[in-house]
Amino acid sequence: MAKSKQPENDNTLPPMPDRRGMEGFMTGLFGGQRGSDPTDAAQDVMYEAWEATSRSKRIALARKALKISPLCADAYVLLAEEEANSVEEMLDCYQKGVEAGEEALGPEGFEEYAGHFWGFLETRPYMRARAGLAAVLWRLGRHQEAIDHYQAMLELNPNDNQGIRYVLAGHLLARDDIKALRKLLKQYEDDCAAAWLYTRALLAFRESDPDAGKLAEEAWLANSHVPGVLSGKQPLVASTEGYITMGGEDEAADYVEENGKAWQATPGAIAWLAEVTRKLKPRRRRN
């Protein structure tokens, strides 16, 4: 997902280290070939960039990486996140990142890694760029293009380490593409995340499924804050560190921001959820 630009104050330290920087350590730990060709060397520079605490240094390192190899997809990802001044500029960066990633992997890479993308470090820059591209396309109203990208990413990586399915489910719900949503929910039917369970409950309520109440209870056990946030009785509490707390208020806020309109557009859904979960409050909540 695209992030907002970092503050201009270069002395502002990020609250937590960028996980992307850890991939450089993983490459060395597992005996990967670092710097063996220009694209590898450029990626090494990007590992340094992800760990840099200065925005200006991160941007400079991304530019350095592109001089070493124009096929460094992560450099375009960083520039989209931190240097682009408009959504159009972000789109351009992400498109270049996807193209660079495709060329770097080549047809052989797609054939070799298909079904296991993200499990190989070589694929991650491309997947980051493609996720960013899809997010920007959605912002621009090019909804079907965004959905096509997300669906293709899940085909490349069914394990979905990036959480693409949650974004896609919200978009399908927003577009009322129930057939595709059902298929997606079935594909990950064992998912116990709050976002997944609440969306399943909403769909069951819409279809008068007799299991709707049970699904709502399961969702509440995963995150008891969502009904209150949906009804307006609890405030939206955004994450302050960029990480979501499972079962926390920030997780509830994230879900409602993405899917609240779908609940509001379903007559009686929010009141039904409040009533079903009201009697559950004496129960012990899941941590």
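Is S208 buried or exposed? With a relative accessible area of 64%, S208 is exposed, because the cut-off for that class is over 50%. Keep this residue in mind, as we will come back to its backbone later.

## Overall make-up

What you have here is a predicted model. The protein has 14 helices and zero strands, so if you read the elements from the N terminus on, you meet α again and again. Of its 287 residues, 48% count as buried.

How do the contacts spread along the chain? Among those between residues at least 6 apart in sequence, 59% join residues at least 24 apart.

## The nonpolar core

The largest nonpolar core takes in 87 residues. Those with the most contacts inside this core are M46, Y150, L181, L184, Y198, W263 and W272. Helix α6, spanning residues 124-139, supplies the largest share of the core, with 10 residues.

L184 is a handy place to start looking around. Setting aside residues up to four places away in sequence, L184 touches L154, R165, L168, A169, L172 and W196.

## Helix α8 and its surroundings

Some of the partners of L184 are found in helix α8, which covers residues 164-174. This helix is mostly covered, with nine of its 11 residues buried. The buried set is I164, R165, V167, L168, A169, G170, H171, L172 and L173, so you will find the charged R165 listed there along with nonpolar residues such as L168.

Which helices do the buried residues of α8 pack against? They pack against α6, α7 (143-156), α9 (178-187), α10 and α13. Just after α8, D176 takes a positive phi of about 60°.

## One small void

Rolling a probe the size of a water molecule over the atoms shows where empty space is left. A search of the whole structure turns up one cavity of 30 Å³ or more, and the volume of the largest cavity is about 40 Å³.

Which residues line the largest cavity? The lining is made of M127, M153, L154, N157, D160, N161, Q162 and I164. By class, that gives four nonpolar, three polar and one charged residues. Two names here link back to earlier sections: L154 is among the residues that L184 touches, and I164 is one of the buried residues of α8.

## Aromatic pairs

A pair of aromatic rings is described by the distance of the centres and the angle of the planes. The structure holds nine aromatic pairs. One of them, Y113 with F117, is edge-to-face, at 6.3 Å centre to centre and 85° between the planes. Both partners fall under the 20% cut-off for buried residues: Y113 counts as buried because its relative accessibility is 9%, and F117 because its value is 0%. These two rings also belong to a cluster in which ring pairs link F110, Y113, F117, F120 and Y126.

Another pair, Y198 and Y255, is tilted, with 5.8 Å centre to centre and 40° between the planes. Y198 lies in helix α10 (residues 194-206) and Y255 in helix α13 (residues 249-264), so this pair ties together parts that are 57 residues apart in sequence. Y198 is buried, and so is Y255.

## A212 at the start of α11

A212 is found in helix α11, which runs over residues 212-222. At 6% relative accessibility, A212 counts as buried. Apart from its neighbours within four places in sequence, A212 is in contact with A204, F205 and W272; of these, W272 is also among the residues with the most contacts inside the largest core. The C-alpha atoms of A212 and V276 are separated by 9.7 Å, although these residues are 64 apart along the chain.

## Backbone points to check

Most residues other than glycine have a negative phi, and most peptide bonds are trans. Against that background, D160 has a positive phi of about 50° although it is not a glycine. D160 lies in the loop between α7 and α8 and is buried, with a relative accessible area of 5%. D160 is also one of the residues lining the largest cavity.

S208, the residue we began with, has a positive phi of about 55° and is not a glycine either. S208 is found in the loop between α10 and α11. While D160 is buried, S208 is exposed.

Note on methods:
Residues are numbered from 1 along each chain as its sequence is written. This is a predicted model: local features need pLDDT of at least 70, side-chain atom pairs count only at pLDDT 80 or more; totals for chains, interfaces and linings use all residues. Side-chain values use heavy atoms; hydrogens and water are left out. A nonpolar core is a set of buried Ala, Val, Leu, Ile, Met, Phe, Trp, Tyr and Cys residues joined through side-chain atoms within 4.5 Å. Buried means under 20% relative accessible area, exposed over 50%, partly exposed in between (1.4 Å probe, protein chains only). Helices (H or I, at least four residues) and strands (E, at least two) are DSSP runs, numbered from the N terminus. Contact means heavy atoms within 4.5 Å. On a 1 Å grid over the protein atoms alone, a cavity is a set of points where a 1.4 Å probe fits but cannot get out, and a pocket is an open set with protein on both sides within 12 Å along at least five of seven lines; lining residues have an atom within 4 Å of a point. Grid points are joined across faces, edges and corners, and a volume is the space filled by probe spheres set on the points. Rings of Phe, Tyr and Trp (its six-membered ring) pair if their centres lie within 6.5 Å; planes under 30 degrees apart count as stacked, over 60 as edge-to-face and the rest as tilted.
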